[in-house]
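Reader: I would like a close look at one part of this predicted model, the small sheet with a parallel pairing in it. Please start there and then work outward to the rest of the chain.

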Amino acid sequence: MTISASFLSGCALAALTAFPAPALAGDYDPVTADVLQGWTLPDGRRMAAIRLTLEPGWKTYWRAPGDAGIPPQFDWSRTRNIEGVDISWPTPTVYSENGMRSLGYSGQVVLPLHVTPKRQGEPMRLRTTMSLGVCADVCLPHELHIDAMLDVADPSPTPAIVAALADMPYAASEAGVVRAACHIAPSERGMSIEAHVTLPYTGGTEVAVIEPGTPGIWVSEARTARQGDTVVAISEMIHPDGGAFGIDRSDVRITILGGAYAVDVQGCTAAG
């Protein structure tokens, strides 16, 4: 297998995250963040959100950004009275520029958070550093420092958070997925994965994204095609050090992004 230019470009962009972003003229900030307080769920968790607002012409990236993107990362180590934070990602837009595909958001995006407290009924401090990539004419790594007390819960759901949750991909059961199978085999530099997902047509040009569930593994842009009632997606997986690695099919995540709706498939069986 030949490593593509898009892979090298993606690696170069990812490497930028280790260095400070260059200063923008006049302290111009292409993205800002605020916290939506949200409401308390019946199980005691808090439904809150981070809202990102991007300046016109700028975009940022989804959790699996594609070859040309920078994956967002969060440091939750300085939170208080928070046991865990689970992020729900709204369906991203598919961008195609200079022969490379990326997945992300422009304008404004709300990232819903399921926040689990250590001690029920006490205020929580949501303090995090979010590392993300932002792109316009140039692409830059960027940091947002977020610090908010979650202590003013409205008992009624927040409309902006409800809308973001409604914009998430459908679960496999909701979308009528009949079968999801993966064939994994050794390749020249790592492993190849071929996923077959049987589901109703999702509209327009369907794009599949494969996430291996193993941290640190690079995955190529999936070659996606529909064959009758099945979407077939093929990607290459490479360890950054060129070493061996394992893939658990139950951890593989396949997202089908269609023109009408998206579907989130978690786990696949062995191809038979």
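Author: In this predicted model, strand β11 pairs with strand β19 (residues 262-266) in the parallel sense, over 2 bridges. One position to look at is A171, whose bridge partner in β19 is D264. The two strands belong to an open sheet of 4 strands, in the order β11-β19-β18-β14, and the pairing within this sheet is mixed. At its edges are β11 (170-171) and β14, each of which pairs on one side only. In general, strands of a sheet pair through backbone hydrogen bonds, either parallel or antiparallel.

From the edge strand β14, step back along the chain to T202, which sits in the loop between β13 (191-198) and β14 (207-211). Although T202 is in a loop, its relative accessible area is 0%, so it is buried. Leaving aside neighbours within four places in sequence, its contacts are R226, the run I256, L257, G258, G259, A260 and Y261, and also V263. V263 falls within β19 (residues 262-266), so the loop holding buried T202 touches a strand of the sheet described above.

β14 also carries one end of a salt bridge. The side chains of E211 and R63 meet at 2.9 Å, N to O. This pair links distant parts of the chain: E211 is in strand β14, R63 is in the loop between β3 (59-61) and β4, and 148 residues separate them. Both partners are buried, E211 at 16% relative accessibility and R63 with a relative accessible area of 18%; the cut-off for buried is under 20%.

The whole structure has 8 salt bridges. Another of them joins R51 and D34, with the closest N and O atoms 2.6 Å apart. R51 is in strand β2 and D34 in strand β1, so this pair ties together parts 17 residues apart in sequence. R51 has a relative accessible area of 24% and is partly exposed, and D34 is partly exposed too, at 29% relative accessibility. A further salt bridge is formed by R119 and E122, where the closest N and O atoms are 2.8 Å apart. R119 is partly exposed at 40% relative accessibility, and E122 is partly exposed at 39%.

Next, the interior. Nonpolar side chains tend to be buried together in soluble globular proteins. Here the largest nonpolar core has 32 residues, and those with the most contacts inside it are L52, W62, V115, L126, M130, V134 and L150. At least two residues of this core come from each of β1 (31-40), β2 (46-54), β5 (82-87), β7, β8 (108-117), β9 (124-135), β10 (139-150) and β14. β14 is thus a strand with several roles in this account: an edge of the open sheet, the site of E211 and a contributor to the core. L52 gives a view of the packing: beyond its neighbours within four places in sequence, it is in contact with V31, T32, A33, T60, G107, Q108, V109, L111, M130, L132 and L144. A second core, separate from this one, has 26 residues, including C182, I184, L199 and I210.

β7, one of the strands that supply the largest core, is part of a hairpin. Strand β6 (residues 93-97) and strand β7 (residues 100-106) run antiparallel and are joined by 5 bridges. E97 has M100 as its bridge partner in β7. There are 2 residues between the strands, and N98 takes a positive phi near 55°. Most residues other than glycine have a negative phi. N81 is another case of a positive value, again near 55°. N81 is in the loop between β4 (73-75) and β5, and it counts as buried at 6% relative accessibility.

As for the chain as a whole, it has 3 helices and 20 strands. Of its 272 residues, 47% are buried. The chain exposes about 13,300 Å², of which carbon and sulfur atoms supply 52%. Among contacts with a separation of 6 or more, 69% are between residues 24 or more positions apart.

A word on confidence. The mean pLDDT of the chain is 89, and 90% of the residues reach 70 or more. Residues 1-23, however, have pLDDT below 50, and this stretch has 24 contacts in the model beyond near neighbours in sequence. Where pLDDT is low, the predicted coordinates should not be read in detail.

Technical notes. Residues are numbered from 1 along each chain as its sequence is written. This is a predicted model: local features need pLDDT of at least 70, side-chain atom pairs count only at pLDDT 80 or more; totals for chains, interfaces and linings use all residues. Side-chain values use heavy atoms; hydrogens and water are left out. Buried means under 20% relative accessible area, exposed over 50%, partly exposed in between (1.4 Å probe, protein chains only). Contact means heavy atoms within 4.5 Å. Two strands pair if DSSP finds at least two bridges between them. A nonpolar core is a set of buried Ala, Val, Leu, Ile, Met, Phe, Trp, Tyr and Cys residues joined through side-chain atoms within 4.5 Å. Accessible areas come from the Shrake-Rupley method with a 1.4 Å probe; for residues, only the protein chains shown count as cover. pLDDT is the predictor's confidence in each residue, from 0 to 100. A salt bridge is a side-chain nitrogen of Lys or Arg within 4 Å of a carboxyl oxygen of Asp or Glu.
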